[in-house]
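Work through the exercises below with the sequence and the model open. Each task is followed by a solution in steps.

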Amino acid sequence: MSPIIHVEHLIKRYKNSQANAVDDVSFEVAPGEFFVLLGPNGAGKTTTISILTTTLAPTSGRIEIAGHDLVRAPNGVRESVGIIFQNPSLDQNLTAEENIRLHATMYGLYPFRPTYWLMPREYKAQVNELAAVLGIQKEIHKPIKTFSGGMKRKLEIIRSLIHHPRVLFLDEPTTGLDPLSRRSLWDYLTRVRAEKATTIFLSTHYLEEAEQADTICILNHGRVIAQGTPDQVKARLVENYLLIDAANRDALRQELRVRNVPFVETPLFKIELNGTSEQHFTPHQLLKLIDTPLTTVKIHTPSVEDAYLAILEANDDDNANTAAH
Amino acid sequence: MTTITQTQLRTERNRSFPNQLALNVNATLAIAFRDFLKFLRDRARILSTFLFPLIFIGFLGGGMQATFGGSSGYNFLPFVFTGVLAQTIWQSTAIGIISLLEDRQNDFSQEIFVSPISRYAIVFGKILGETLVALPQGLGIILFGLVLGVSMSPLQVLGLMVAGVVAALYGGAFGIMVLGVMPSRRAADQLFPFVFLPQFFTAGVFVPIKNLPLPLEIVSLLSPLRYAVDLVRGLFYAGSAEFDFVVLGPIWVNVLVLGISFGVFMVIGTVLFVRAERNR
């Protein structure tokens, strides 16, 4: 299946800036995928989303969304996507229903009418249905000001879905929400994915929000530093190792050398479990090789959080080294 | 599966809107009405829009009439009244347009700019909205005028309303032009007073500019507000003996200048504004 988002060598340099905010980024997103753009603040996430949603012009690069070229056919792109901005974008002076109505008329779903009562019957049915989903049948005609943060976020999502976008962009949508609202927002998004098969493009700096993704793309200083499924990112870039120790360290050292097991003393004996060395051991195999009585056995399998931090740190070190040279 | 949904949606949309123009007109109306609703729900703003003109017409018009009225050959009160009417409406829409930039971080305008409609529709919707906001103010000023003793026939009131709508739309186009030229929001905030205040005088809002020295005359001819003020006065004074003392040019000349510059401001302003926003 051809990708629904195709980004090739995207570069963005802001005016009056020495560095590229987005620096030669390429990726693809398959239809229906849950894609997460992960990175610390200032990594270029919002810049990337602003470009993909047509409010910011790229400096160079080729981008296609839902078959539309971003530069030549921005309105085609706009019709195909929905966006939840980092900051709330509801009109505080309007009621929930008026916010939805404005969106619906701007996207050409219904003819404009100045009051709810003059709107077509299908529109009213749709609004009632949405209000029921949110559980705000009573508040739907009340000003947005009276809504809680979580409620506003959900309303924004509902609003962004009424024109049936093929891709839904969410730019750090849970920033500033309490854990309960955050959880219920995720449950709702999961349901949306299941029911409508909408492609979700999410940016976040919270790692736990990336764990359920189909693809994670880690951005740092405007560059992609890792990309793949959460397991791939974990496996490829972070070491799994076994830590052992013995009362008689000399005996253990001797034994490991004889068995040809590569290790590092930290001062605990650190043995790689995958990846770099030519010899691969499972923890079980390793322990069977060793006769010296052990005092400590620890298996280190990183969480995605560890993987993420390790990747960022390694990347920052590299940058510091390059800069120093 | 998603593709099918999209196709169905497109046919549905096409059914309610025969063409792109109808779709854009629809969006323009929706955007305009939003601004009007916002105004109706902002009591402080409604109050303040009425206070300023009241002070100007009452004190300036009344005061100048008492001081110079006798020697000028015409009544100052209606002169200042018509000037302030045009200026207030014109400036109200021009400044209203600046809210297009209003803290984009927190504002709803980002939602408008990602919608699949023409950028001209967005800007014109905004101008139309600010016009709807300016008109109640215009009506208020006319009421104050009546209370303060400016006598006018129903036909004159109608003329003021028509000219008021023109002045409002024109102010909006001027606003987007200024916004398009301004490099940043901060610059816009700082420079707006310099764009507006001098025109109080160069456009003859409350000081007659019938016989200006040449350099000042040129500046005056280049002031966009001049033509809006003169159109309002032209329609107000039409057929009266004071017409030749007060009004600067024929109505048709004002209409022509207003029409052409409206078009130029709209196109150049929108193009520059959209480009500046996207090419940050």
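**Exercise 1. Overall form of chain A**

Task: Count the helices and strands of chain A, then determine why chain A is described as spread out or compact.

Solution. The model is predicted, and in it chain A has ten helices and 14 strands. Next, take the radius of gyration of chain A, which is 25 Å. The globule rule gives 20 Å for 325 residues; the value for chain A is well over that, so chain A is more spread out than a compact globule. The box filled by its C-alpha atoms along the principal axes is roughly 85 × 45 × 35 Å. Of the 325 residues of chain A, 38% count as buried. Finally, consider contacts in chain A with a separation of 6 or more: 71% of them join residues 24 or more positions apart.

**Exercise 2. Helix α1 of chain A**

Task: State which residues of α1(A) are buried, and find the residue just after this helix that has a positive phi.

Solution. Helix α1 of chain A spans residues 45-52. To call a residue buried, require 20 or more other C-beta atoms within 10 Å of its own. Seven of the eight residues of the helix pass, which leaves it mostly covered. They are K45(A), T47(A), T48(A), I49(A), S50(A), I51(A) and L52(A). Just after α1(A), the backbone at T54(A) adopts a positive phi of about 75°.

**Exercise 3. The nonpolar cores**

Task: Describe the largest nonpolar core and identify the helix that gives the largest share of it.

Solution. The largest nonpolar core contains 83 residues. Within it, the most contacts belong to W90(B), A167(B), Y170(B), A173(B), I176(B), A228(B) and V232(B). Helix α7 of chain B, residues 154-181, provides the largest share, 13 residues. For A167(B), set aside residues up to four places away in sequence; A167(B) then touches A86(B), I89(B), W90(B), A228(B) and V232(B). Another core, of 48 residues, lies apart from the largest one and includes I4(A), V36(A), I84(A) and L168(A).

**Exercise 4. The contact between the chains**

Task: Work out which elements of chain B supply the side that touches chain A, and classify its residues.

Solution. Begin with the count: 32 residues of chain B are in contact with 32 residues of chain A. On the side of chain B that touches chain A, α1 (2-16), α2 (20-40) and α5 (109-113) of chain B each supply at least two residues. The largest share is that of α2(B), with nine residues. By class, this side of chain B has 15 nonpolar, ten polar and seven charged residues.

Technical notes: Residues numbered from 1 in each chain as written. Chains lettered and ligands numbered in written order. Predicted model: local features only at pLDDT ≥ 70, side-chain atom pairs only at ≥ 80, totals over all residues. Contact = placed C-beta atoms within 7 Å. Helix = DSSP H or I, 4+ residues; strand = E, 2+ residues; numbered from the N terminus. Nonpolar A, V, L, I, M, F, W, Y, C, P; charged D, E, K, R; others polar. Core = buried A, V, L, I, M, F, W, Y, C linked by C-beta atoms within 7 Å. Buried ≥ 20, exposed ≤ 12 C-beta atoms within 10 Å, placed from the backbone. Rg over C-alpha atoms; globule rule 2.2 N^0.38 Å.
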